[in-house]
Amino acid sequence: MAYTRGNLAVKERARQEQVQQQRYRETTKVVTRRRELPIREKLLYLLTLVTCIVIAGMLIGRYAHIYQINYSINTASKDISKLQTNIAQLKIQKERMENQIVPTAKEQGYIEPTREPIRVEKQAAK
């Protein structure tokens, strides 16, 4: 039977070669390169980026201006409150001085006027 099918030694080698070929299976990797973007699309992206940067710059500028205005408002409020306390102190000082006028005048020889009118004599011109 073996003879009718062919030489068994030869067939055995063929099987071994097939087994070895199956072990080292060759694989190929497909490498695809990305195409470059067209010029119009690049310009569109660039224009969009520039627009976003300009808008962000404007917003940041506005916020900086608002911050500066708020800072000046706060400093003005502090100055106003300082001036109001200064005014209150000066009013108190004014009232104290008004209360001291009469006693100080009496010490220096002030006589309170009577109901009679004050007469002033006119001197003749020389």
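**Exercise 1. Describe the span of residues 43-64.**

Solution. Start with the geometry: the C-alpha atoms at the two ends of residues 43-64 are 31 Å apart, and the span is 100% helix and 0% strand. Helices here are DSSP runs of H or I with at least four residues, strands are runs of E with at least two, and both are numbered from the N terminus. Next, take the annotation: an unreviewed UniProt entry places a "transmembrane region" at residues 43-64. UniProt positions follow the numbering used here, feature names are shortened, and annotations may be inferred rather than shown by experiment.

The model is predicted; local features need pLDDT of at least 70, side-chain atom pairs count only at pLDDT 80 or more, and totals for chains, interfaces and linings use all residues. Residues are numbered from 1 along each chain as its sequence is written, and side-chain values use heavy atoms, without hydrogens and water.

**Exercise 2. Treat residues 73-100 in the way used above.**

Solution. The record comes first: UniProt, in an unreviewed entry, lists residues 73-100 as a "coiled-coil region". Then the geometry: the end C-alpha atoms of residues 73-100 lie 41 Å apart, with 100% helix and 0% strand in the span.

**Exercise 3. Lay out the chain and state the confidence of its elements.**

Solution. Count the elements: 3 helices and 0 strands. Their order from the N terminus is α-α-α. Now add pLDDT, the predictor's confidence in each residue from 0 to 100. The chain averages 84, and 78% of the residues score at least 70. Helix α3 (residues 39-107) has the highest mean among the elements, 96, and helix α1 (residues 2-5) the lowest, 55.

**Exercise 4. Assess burial and surface.**

Solution. Apply the classes: buried is under 20% relative accessible area, exposed is over 50%, and partly exposed lies in between (1.4 Å probe, protein chains only). Buried residues make up 0% of the 126 residues. The accessible surface is about 14,200 Å², with 57% belonging to carbon and sulfur atoms. Areas come from the Shrake-Rupley method with a 1.4 Å probe; for residues, only the protein chains shown count as cover.

Now find the nonpolar patch. I39, L43, L46, L49, V50, I53, V54 and M58 make one of about 790 Å². Patch residues have over 30% relative accessible area and no salt bridge; like charges are joined within 9 Å, nonpolar side chains (Val, Leu, Ile, Met, Phe, Trp, Tyr) within 5 Å. V54 lies in helix α3. V54 counts as partly exposed because its relative accessibility is 46%.

**Exercise 5. Which residue forms a salt bridge with K42?**

Solution. Set the criterion: a side-chain nitrogen of Lys or Arg within 4 Å of a carboxyl oxygen of Asp or Glu. The structure holds 1 such bridge. K42 pairs with E36, the closest N and O atoms being 3.9 Å apart. K42 is partly exposed at 41% relative accessibility, while E36 is exposed at 67%.
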